Amino acid sequence: MEQLLDQIRTWRRHLHAIPEIGFQEYKTSKYLYEELKKMGYQPLKITETGIAVYLDFHKEKTLAFRSDIDALEIEEQTGVSFKSTHQGKMHACGHDGHMTALLGLAYKLKDVQDLPHNVLLIFQPGEEVVNGAPSIIQVFLKNIMLKEFMVYICSQMLMKEKLLVVKVL
């Protein structure tokens, strides 16, 4: 458990130090992709900087979890040792923590052999610029039939924050 906590701390601090604004999350995307590969996944590039991992347990429904990956244009003044290395950009909304939590879930699921639902992990770009959710939804509309979608993607996109579940064709 201590090793996992150390890894979680490493992920968060690294992600915190490389904040990038919406649809320009190239370092972030590359880092997430590589970390997921290290866990044994075959991550899917779903937009230029968006990533997804699909765990197929051959079930009818899919439970989706999503993290935003972009940062804000704010100068960090925290003084922490892992502060932003990108001038004028900062993870001031906690997206570094969201990404870390989703990486942690991916880590815990990597050896799971069966669950009641398939699992979809989504690392969504551009949340702060509002166009991130539509970009992800367009990808899934082309490839996945949305029946119900059990993930809060974006209140602007999913009317009144309705929760739906993804059914893979």
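The expected span of a helix is 1.5 Å times one less than its number of residues. In this predicted model, helix α1 can be set against that rule: α1 comprises 16 residues, and the distance from its first C-alpha to its last is 23 Å, close to the 22 Å expected.

The inward-facing part of α1 comes next. L4, W11, L15, H16 and A17 are the residues of this helix that are buried, and the buried residues of α1 pack against α2 and α3.

These helices also take part in the largest nonpolar core, which has 21 residues. In soluble globular proteins, nonpolar side chains tend to be buried together. At least two residues of the core come from each of α1 (2-17), α2 (26-38), β2 (51-55), α3 (95-109) and β4 (118-124). The greatest contribution is that of α3, with five residues. Those with the most contacts inside the core are L32, L36, M39, Y41, L55, L103 and F123.

L36 illustrates how separate parts of the chain meet. Leaving aside residues up to four places away in sequence, L36 touches Y41, P43, I51, V53, L103, A106 and F123. Apart from the largest core there is a second, separate core of eight residues, among them I46, A52, I122 and F140.

The aromatic rings remain to be considered. A search of the whole structure finds zero aromatic pairs. One ring does have a charged partner: K110 lies over the face of Y107, at 4.8 Å from the ring centre.

How values were computed: Residues are numbered from 1 along each chain as its sequence is written. This is a predicted model: local features need pLDDT of at least 70, side-chain atom pairs count only at pLDDT 80 or more; totals for chains, interfaces and linings use all residues. Side-chain values use heavy atoms; hydrogens and water are left out. A nonpolar core is a set of buried Ala, Val, Leu, Ile, Met, Phe, Trp, Tyr and Cys residues joined through side-chain atoms within 4.5 Å. Buried means under 20% relative accessible area, exposed over 50%, partly exposed in between (1.4 Å probe, protein chains only). Helices (H or I, at least four residues) and strands (E, at least two) are DSSP runs, numbered from the N terminus. Contact means heavy atoms within 4.5 Å. Rings of Phe, Tyr and Trp (its six-membered ring) pair if their centres lie within 6.5 Å; planes under 30 degrees apart count as stacked, over 60 as edge-to-face and the rest as tilted. A charge sits over a ring if NZ of Lys or CZ of Arg is within 6 Å of the ring centre and within 35 degrees of the ring normal.
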